[in-house]
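The following exchange examines how descriptive terms are justified from coordinates. Each reply sets a value against its definition.

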Amino acid sequence: MNIYDFKSLTDSIHTSLSVNLSPSAVTIIEFIIIAFAFMMLFTLLGLILVYAERKIAAFFQLRLGPMRVGKWGIAQTAADAIKLILKEPLVTKNADKFLFNLAPFIIILSTFMALGAMPFAKGLHALDFDIGILYLTAVSSLGVIGILIAGWSSDNKYSLIGAMRSGAQVVSYELSVGLSLLTVVVLAGSLQFSEIIASQEAGWWIFRGHIPALIAFTIFMIAGTAETNRGPFDLPEAESELTAGFHTEYSGLKFAFFFLAEFVNMFIIAGIGATVFLGGWMPFHIGNWEGFNRIMDFIPSLFWFFGKVAFLIFLMMWFKWTFPRLRIDQLLRLEWKYLLPINLVNILFMAFIVLMGWHF
Amino acid sequence: MGSALVLIFAIMSVTSRKLLRAAIYLLFVLIGVAIFYLVLDYMFLAAVQIVVYMGGIVVLFIFSILLTSHLSEKLQVVKPLEFIIAALVSLIGAGVALSVISTHTFKPVVADSPEITVFEIGTQLLSYGKYGYVLPFEVISVLLLAAMIAAIVIAKREKKPES
């Protein structure tokens, strides 16, 4: 078992606060601490992922990427963030101002709510609902409303087309994400994240679930990439045809919200993938190799989780810079004619395997 | 406070003259209902409320609004007579509901009802024993299938004259 447990840390914070404060005050202070931690995480993730994206893009295109600001351009994204904050927030003349300003907040809200359910490490888990995966799919489906409103209220043809494409795309690919996650729920027998992770103590589901788990993982990565509106599925913001799609008219901080939400959504998809298929914070174990497993146990669970997430994010960036963008009809055909039927058959197959007890 | 928010947004959604804003206020109303479920500790229903109503129905509304109307469009103000009739009907409805609620005596629920897990809901939904829901479940799935086929048929019929 893993030797590092964040439960002791959170418990010690709780007891030290409870010494001379009333229970309600303790709850409020803990809320504030958690909110602060998540906001820090949000901004940090944004900064790091944007930098990583630019560096990886450069790597794939045989360039150096940002190099000027700081050593190897490390401070580049921080400088960009300061620039974005200082920019003037423009609103187009005929825009529906209320909805125009509301849209970024809806998107950021859904991202935040989804981030809250991430199991980061052993005992480091803000929301551990009984309905974990259902909650995540529910919350992440709110983001598309923000995109649709943004496109409609900015009174711009490009924005409108971008929003429509995005709506069609997200609504259809949501099905595949949900179904591929269900395949593993069949295996794990629970929707709760902590139990899904606990069920993978003997081995990650991607290894133990035979072929159906592999198929489900592949579909999950494809559909997840599509759900975050990233290339090769980035039609909603196809630069060459739609300038910037649904956020064409946004500037300054509001644009930063959309931008951040996209990157954090990528983190969330990678996080779900790592949790459900790759064992979350569970270390990598090989059968009976006691010594090897011991060494793996010494790596803290936080590193395991972020390592897996980083690997999946790299995979998604690899997609983006390798494949050309799809056309809208190709995109919808891929989902409705290939991924969804494969997924449905796959779930039946998986249920059969679980019933017969063929999985490890 | 939650119910006040729901009421305010419901009224705003009805009185708004912009179609999309009305849809967004409706979204807030539905979020308020989901919060009620959360407060009642009924996680599953809250999540289903969010998935079905916000992720499904409101998105469908917004999508159809995007396809059919333009930003500058405004709904007509209702005529006074229609307004009065609608107000009367809604008042009568509210009166009936209130009178029923105030006269009905609610049996006290068990003090600490055990938390309902998804596992229990799933087994209950598909059990054919006592209090099992397998028959309604199957009937609804057949109904949905019929609706889906009907939708496909309607969509296909429109395309024929073009080709």
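Q: What makes the end-to-end distance of helix 10 of chain A agree with the expected span?

A: This is a predicted model, in which local features need pLDDT of at least 70, side-chain atom pairs count only at pLDDT 80 or more, and totals for chains, interfaces and linings use all residues. Residues are numbered from 1 along each chain as its sequence is written, while chains are lettered from A and ligands numbered from 1 in the order in which they are written. Helices (H or I, at least four residues) and strands (E, at least two) are DSSP runs, numbered from the N terminus. The expected span of a helix is 1.5 Å times one less than its number of residues. Helix 10 of chain A covers residues 210–227, and its 18 residues should therefore span 26 Å; the end C-alpha atoms are 26 Å apart, which agrees.

Q: How do you know whether helix 10 of chain A is enclosed or open?

A: The test is burial: a residue is buried if 20 or more other C-beta atoms lie within 10 Å of its own, exposed if 12 or fewer, and partly exposed in between, with C-beta atoms placed from the backbone. In helix 10 of chain A, 13 of the 18 residues are buried, so this helix is largely enclosed by the rest of the structure. A:Asn229, with a positive phi near 60 degrees, follows the helix.

Q: Why is A:Asp234 called buried?

A: A:Asp234 has 22 other C-beta atoms within 10 Å, and therefore counts as buried. This residue belongs to the loop between helix 10 and helix 11 (239–242) of chain A. Contact requires that the C-beta atoms of two residues, placed from the backbone, lie within 7 Å. Leaving aside neighbours within four places in sequence, A:Asp234 is in contact with A:Asn229 and A:Arg325.

Q: What makes A:Met118 count as buried?

A: A:Met118 has 23 C-beta neighbours inside 10 Å, so the residue counts as buried. It is found in the loop between helix 4 and strand 1 (119–121) of chain A. Not counting residues up to four places away in sequence, A:Met118 touches A:Ile268 and A:Gly271. Its C-alpha atom is separated by 8.1 Å from that of A:Phe193, which lies 75 residues apart from it along the chain.

Q: Is A:Leu62 buried or exposed, and what count of C-beta atoms shows this?

A: Only 6 other C-beta atoms lie within 10 Å of A:Leu62, so this residue is exposed. A:Leu62 sits in the loop between helix 2 (23–60) and helix 3 (76–86) of chain A. Its phi is positive, about 55 degrees, although it is not a glycine. Most residues other than glycine have a negative phi.

Q: How do you know that the radius of gyration of chain A agrees with that of a compact globule?

A: The radius is taken over C-alpha atoms, and the globule rule is 2.2 Å times the number of residues to the power 0.38. For 360 residues the rule gives a value near 21 Å; chain A has 21 Å, which agrees. The C-alpha trace of chain A spans about 65 × 60 × 45 Å along its principal axes. Its secondary structure comes to 15 helices and two strands, and 44% of its residues are buried.

Q: Why is helix 4 of chain B said to be hardly covered, and what is its span?

A: The count of buried residues among its 24 residues is zero. Helix 4 of chain B (residues 80–103) should span 34 Å, and its end C-alpha atoms are 34 Å apart, which agrees. Chain B has six helices and zero strands, and 13% of its 163 residues count as buried.

Q: What makes up the side of chain A that touches chain B, by class?

A: The contact takes 27 residues from chain A and 21 residues from chain B. Helix 6 of chain A gives the most to the chain A side, with six residues. Ala, Val, Leu, Ile, Met, Phe, Trp, Tyr, Cys and Pro count as nonpolar, Asp, Glu, Lys and Arg as charged, and the others, Gly among them, as polar. On that basis, this side has 19 nonpolar, five polar and three charged residues. The predictor gives the complex an ipTM of 0.70 and a pTM of 0.82.
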